[in-house]
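Work through the exercises below with the sequence and the model open. Each task is followed by a solution in steps.

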Amino acid sequence: MSVPTTTKIKSAKKKPATISNPGLFKSDDRQQLRGQKEIDENRLERFPNRTVVRCYDIEFTCPEFTCLCPKTGFPDFATIFIKYVPDLWCVELKSLKLYINAYRDKHVFHEDVTNIILDELVALLDPRSIEVVADFNVRGNIRTVIKARHEKPAKQSSKGSLQKR
């Protein structure tokens, strides 16, 4: 019996491996996801301040803020700090969360988004004072921190002296 010295093996062309996972899909492949729908339909909401007899601070930290660079389209990441002294109104937290999340698809400069957030909260709440700080992650070896503030002007009291609200 003779044994061949060489054996020629046919190599089958391999198909690229594909992973089929029904849990992974593009949002446009199905009905709009509940969270995306809530973000799209969100409006900032307020409720009455029940403790108008004193000044007190309300602080929020939003560590997962994202928006898109209007020049490159690359994502920008930041932590947004909001601190305000309410007057007659307070912001409702879920509406604030959805409002902040809506920026993830918006092309906006760091300076603009900080001032837009401030302006919209001032228009909604008319707080005694408010500060919005946007601490953006390092990009191109530069860390950007934007601070925007607003205070109600001093109010004239009935006795004629200036009184801070």
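**Exercise 1: the strand pairs**

Task: In this predicted model, find how β2 and β3 are joined, and which strand β3 pairs with besides.

Solution. Strand β2 (residues 58-68) and strand β3 (residues 75-85) run antiparallel and are joined by nine bridges. Two partner assignments fix the register: Glu 59 of β2 is bridged to Lys 83 in β3, and Phe 65 has Ala 78 in β3 as its bridge partner. Six residues lie between the strands in this hairpin, and Gly 73 has a positive phi near 85 degrees there.

Next, take β3 on to strand β5 (residues 129-139): the two pair in the antiparallel sense over eight bridges. Val 85 has Ser 129 in β5 as its bridge partner, Tyr 84 stands opposite Ile 130, and Lys 83 is partnered by Glu 131 in β5. Lys 83 is thus a useful residue to select, with Glu 59 as a partner in one pairing and Glu 131 in the other.

**Exercise 2: the sheet**

Task: Write down the strand order of the open sheet, and state which strands are at its edges.

Solution. Begin with the pairing not yet treated. β5 and β6 are antiparallel and share nine bridges; Val 132 has Ala 148 in β6 as its bridge partner. The hairpin of β5 and β6 has two residues between the strands, and Gly 140 takes a positive phi near 60 degrees.

Now put the pairings together. The four strands form an open sheet in the order β2-β3-β5-β6, with antiparallel pairing. β2 and β6 (142-151) each pair on one side only, and they are the edge strands. From one strand to the next the twist averages 15 degrees.

Last, place the helix. α3 packs on the sheet and touches β2, β3, β5 and β6, its direction making about 25 degrees with that of β6.

**Exercise 3: two helices**

Task: Decide how α2 and α3 are oriented to each other, and list the residues in contact.

Solution. The axes of helix α2 (residues 93-101) and helix α3 (residues 110-125) come within 12 Å and cross at roughly 150 degrees. Angles over 145 degrees count as roughly antiparallel, and α2 and α3 are therefore roughly antiparallel to each other. Their crossing is right-handed.

On the α2 side, Leu 96, Tyr 99 and Ile 100 make the contact; on the α3 side, Ile 116, Ile 117, Glu 120 and Leu 121 do. Sorted by class, the contact of α2 with α3 has six nonpolar residues, one charged and no polar.

**Exercise 4: a salt bridge**

Task: What does the salt bridge between Lys 152 and Asp 87 tie together?

Solution. Begin with the principle: side chains of opposite charge can pair when their charged atoms come close. The cut-off to apply is 4 Å between a side-chain nitrogen of Lys or Arg and a carboxyl oxygen of Asp or Glu. By this rule the model has 10 salt bridges. In the pair of Lys 152 and Asp 87, the closest N and O atoms are 2.4 Å apart.

Then locate the partners. Lys 152 is in the loop between β6 and β7 (155-156), and Asp 87 is in the loop between β3 and β4 (89-91), so the pair ties together parts that are 65 residues apart in sequence.

Notes
Residues are numbered from 1 along each chain as its sequence is written. This is a predicted model: local features need pLDDT of at least 70, side-chain atom pairs count only at pLDDT 80 or more; totals for chains, interfaces and linings use all residues. Side-chain values use heavy atoms; hydrogens and water are left out. Axes are lines fitted to C-alpha atoms, for helices over the stretch in contact, and angles run from 0 to 180 degrees between N-to-C directions. Angles under 35 degrees count as roughly parallel, over 145 as roughly antiparallel, 65 to 115 as roughly perpendicular and the rest as oblique. A crossing is left-handed if the near helix is turned anticlockwise from the far one by less than a right angle, and right-handed if clockwise. Contact means heavy atoms within 4.5 Å. Ala, Val, Leu, Ile, Met, Phe, Trp, Tyr, Cys and Pro count as nonpolar, Asp, Glu, Lys and Arg as charged, and the others, Gly among them, as polar. Two strands pair if DSSP finds at least two bridges between them.
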